[in-house]
Amino acid sequence: MTGGLLMSGAIAALLTTALPAQHPSPVFDDPPTDKIVIDVATVNGSGCPQGTAAVAVSPDNTAFTVTYSDYLAQAGGTSDPTAFRKNCQLNLVVHVPQGFSYAIASADYRGFASLQQGASGTQRASYYFQGSPSTAIRNHPLSGPYNDDWQATDETDWAQLVWAPCGVLRNFNINTELRVSAGTSAPGKVSFMTMDSTDGDISTVYHLAWKECPAS
């Protein structure tokens, strides 16, 4: 996917341990109305080959969505030995409206899993800003037998939101991962897990929070 997407709306940041606040600032329910520029610096990984991932901002500026069309991990049977793990690293350069900062309040993931008795699967995500010493990691395991849609949500309390630095451009990184283990399932049986919606695409939604930066 190439960068330089110009969209009206807002986009956002990170789930991790809170950092000490330098200056208290009001948190807004309504996002800023100014346009922002989202430069997609890189999208790469075995779960998102070139041309299979896209980023879009919601019309009401409260969320952005990453959509995939080829994101599946599997194990067992005649599966390729490397197919048990798939990942996608998304690196975004986010130009936010002047005077505002942003944070991810929650992230929703959904897909489908077919896990044999004795098999297991995991959806994992990590979030961090370029140059940040800490990375937030969330895991959502599944155990077989399982043959159904799945959905997982990463949430952060308002008091623990980590905000993008005011007045500093920092790349925002999201790394998602699917893992499947055949475990003790019967030989020849295949288990798999996708982040897949009913229309055949994977839609991962990140819900945003905004606040005003302190006056310089």
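Accessible areas here come from the Shrake-Rupley method with a 1.4 Å probe, and for residues only the protein chains shown count as cover. With that in hand, here are my notes.

1. **What kind of model this is.** This is a predicted model, in which local features need pLDDT of at least 70 and side-chain atom pairs count only at pLDDT 80 or more, while totals for chains, interfaces and linings use all residues. Residues are numbered from 1 along each chain as its sequence is written, and side-chain values use heavy atoms, with hydrogens and water left out.

2. **Overall picture.** The protein has 14 strands and 0 helices (both are DSSP runs numbered from the N terminus: helices are H or I with at least four residues, strands are E with at least two). About 10600 Å² is exposed by the protein, and carbon and sulfur atoms supply 49% of that area. Of its 216 residues, 46% count as buried (buried means under 20% relative accessible area, exposed over 50%, and partly exposed in between, with a 1.4 Å probe and protein chains only). Contacts, meaning heavy atoms within 4.5 Å, reach far along the chain: among those between residues at least 6 apart in sequence, 83% join residues at least 24 apart.

3. **The core.** In soluble globular proteins, nonpolar side chains tend to be buried together. The largest nonpolar core here has 39 residues, and Phe64, Leu90, Tyr109, Tyr127, Trp150 and Tyr206 touch the most other members. Strand S8, residues 100–115, gives the most to this core, with 6 residues. (A nonpolar core is a set of buried Ala, Val, Leu, Ile, Met, Phe, Trp, Tyr and Cys residues joined through side-chain atoms within 4.5 Å.)

4. **Salt bridges around Glu177.** Side chains of opposite charge can pair when their charged atoms come close. The count comes to 2 salt bridges (a side-chain nitrogen of Lys or Arg within 4 Å of a carboxyl oxygen of Asp or Glu). One joins arginine 85 to glutamate 177, with the closest N and O atoms 3.3 Å apart. That pair links distant parts of the chain, since arginine 85 is in strand S7 and glutamate 177 in strand S12 (residues 172–181), 92 residues apart. Glutamate 177 also forms a salt bridge with arginine 179, where the closest N and O atoms are 2.3 Å apart. Arg85, Glu177 and Arg179 are thus linked in a network. Glutamate 177 is buried at 7% relative accessible area, whereas arginine 85 is partly exposed at 28% and arginine 179 is partly exposed at 36%.

5. **Asparagine 87.** Strand S7 (residues 85–95) also holds asparagine 87, which is buried with a relative accessible area of 13%. Its side chain makes a polar contact of 3.4 Å with the side chain of asparagine 175 (a pair of N or O atoms within 3.5 Å; within protein, one must be able to donate a hydrogen and the other to accept it, and residues adjacent in sequence count only if both atoms are side-chain atoms). Leaving aside neighbours within four places in sequence, the contacts of asparagine 87 include Asn44, Cys48, Tyr71, Asn175 and Glu177.

6. **Aromatic pairs.** The structure holds 2 of these (rings of Phe, Tyr and Trp, the last by its six-membered ring, pair if their centres lie within 6.5 Å; planes under 30 degrees apart count as stacked, over 60 as edge-to-face and the rest as tilted). Tyrosine 68 and tyrosine 71 have ring centres 5.1 Å apart and planes at 80°, so this pair is edge-to-face. Both tyrosine 68 and tyrosine 71 are buried. Phenylalanine 112 and phenylalanine 192 form a tilted pair, 6.1 Å centre to centre with 35° between the planes. Here phenylalanine 112 in strand S8 and phenylalanine 192 in strand S13 (residues 191–194) are 80 residues apart. Phenylalanine 112 is partly exposed at 25% relative accessibility, and phenylalanine 192 is partly exposed with a relative accessible area of 25%.

7. **Two loops to look at.** Threonine 52 sits in the loop between strand S3 (35–44) and strand S4 (53–57) and is buried, with a relative accessible area of 14%. A polar atom of the threonine 52 side chain lies 2.6 Å from the backbone oxygen of proline 49. Not counting residues up to four places away in sequence, threonine 52 touches Thr67, Tyr68, Ser69 and Asp70. In the loop between strand S10 (136–143) and strand S11 (146–155) you will find proline 145, joined to glycine 144 by a cis peptide bond with omega of about 5°.
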